[in-house]
Amino acid sequence: MVSGPSGVGKSSIIDRLARRRRFRFSVSVTTRSPRPGERDGVDYVFSDRETFMSLVAEDALLEWAEFGGNLYGTPRRPVEEWLAAGDDVLLDIEIDGARQIRDTFPTALFLFIAPPGLEELRRRLQGRGDTSEGDIRLRLERARRDLASAPEVFDVLVVNRDLERAVDLVDAVIGCDGRVVDSR
Ligand code: ADP
Ligand code: 5GP
């Protein structure tokens, strides 16, 4: 389970991690509009609010939360099937969703990716060029809050200063967690 502020580099880390280790990535459902280059069914399943709420009513989501005025949720069925098959599953979700997963899967590994600082986070959000100034302000405000409450929810905090080093650290922590579980 990977979480962290918008723009911190979660997608960049997950993309690189996929070249090194095998895992299933849970594609979330969202009511947010696609950003340029995002593909339906690959980055997200893009949905309207009504369809999203019918998934909630059917209990088809493992968790869901609102972020920046949009809804995001994890489809239940694929995650349960992958776990039953013994596969490693990776979720990229925000902190309220992480709290819900923590209740359902207390032995999951909860990783928080932090920026080296809020100014650098602003530079990354601006550099990506797909988020408005107003949204950037909201995301920075939210990042400040999430950083403060991260220790309540997460096991490990990795600072994404240098990207390759952050991928090395995430890879090592996941590997190490396997050993911790095996030795119990
Ligand atoms: P998230 O998935 O957390 O929203 P992204 O992976 O989209 O974040 O990264 C946001 C921006 O920051 C992208 O433009 C990405 O290239 C850049 N970025 C990611 N990691 C680093 C890093 N370690 N140093 C500098 N820029 C980075
Ligand atoms: P973005 O709009 O930048 O892609 O994502 C905004 C935030 O929503 C990020 O913190 C991301 O981790 C989170 N997110 C993405 N999918 C889900 C999900 O299925 N559930 C929850 N709770 N958060 C999600």
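## Ligand 2 and its polar contacts

In this predicted model, an oxygen atom of ligand 2 lies 3.4 Å from an N or O atom in the side chain of T74. Taken alone, ligand 2 exposes 510 Å², and the protein buries 95% of that area. Two further side chains approach oxygen atoms of ligand 2: an N or O atom of the R32 side chain is 2.6 Å from one, and the side chain of Y44 likewise places an N or O atom 2.6 Å from an oxygen atom of the ligand.

The shell around ligand 2 comprises 18 residues. Those that come nearest are S28, R32, Y44, Y72 and D92. The space that ligand 2 takes is the largest pocket.

## Strands β5 and β6

Which strands are known to contribute to the shell around ligand 2 with at least two residues each? Both β5 and β6 do so. Strand β5 spans residues 61-67, and strand β6 covers residues 70-75. The two pair in the antiparallel sense, with six bridges between them. Within this pairing, L61 stands opposite P75 of β6.

Two residues separate the strands in the hairpin of β5 and β6, where G68 adopts a positive phi near 60°. Is β5 largely enclosed or largely open with respect to the rest of the structure? Five of its seven residues are buried, so β5 is largely enclosed by the rest of the structure; the cut-off for buried here is under 20% relative accessible area.

## Ligand 1 and its polar contacts

Ligand 1 has 14 residues around it, of which G7, K10, S11, S12 and R128 come nearest. Backbone and side-chain atoms are both represented among its polar contacts. From the backbone, an N or O atom of G9 lies 3.0 Å from an oxygen atom of ligand 1. From the side chains, a polar atom of S11 is 2.7 Å from an oxygen atom of the ligand, and an N or O atom of S12 is 2.6 Å from an oxygen atom of ligand 1.

On its own, ligand 1 has 570 Å² of accessible area, and the protein covers 73% of this.

## Helices at the ligand 1 site

Which elements give two or more residues to the shell around ligand 1? They are α1, residues 10-17, and α5, residues 118-128. Helix α1 gives the most, with three residues.

Note on methods. Residues are numbered from 1 along each chain as its sequence is written. Chains are lettered from A and ligands numbered from 1 in the order in which they are written. This is a predicted model: local features need pLDDT of at least 70, side-chain atom pairs count only at pLDDT 80 or more; totals for chains, interfaces and linings use all residues. Side-chain values use heavy atoms; hydrogens and water are left out. Buried means under 20% relative accessible area, exposed over 50%, partly exposed in between (1.4 Å probe, protein chains only). Helices (H or I, at least four residues) and strands (E, at least two) are DSSP runs, numbered from the N terminus. Two strands pair if DSSP finds at least two bridges between them. A residue is near a molecule or strand if one of its heavy atoms lies within 4 Å of it. A polar contact is a pair of N or O atoms within 3.5 Å; within protein, one must be able to donate a hydrogen and the other to accept it, and residues adjacent in sequence count only if both atoms are side-chain atoms. Accessible areas come from the Shrake-Rupley method with a 1.4 Å probe; for residues, only the protein chains shown count as cover. On a 1 Å grid over the protein atoms alone, a cavity is a set of points where a 1.4 Å probe fits but cannot get out, and a pocket is an open set with protein on both sides within 12 Å along at least five of seven lines; lining residues have an atom within 4 Å of a point. A molecule sits in a cavity or pocket if more than half of its atoms lie within 2 Å of its grid points.
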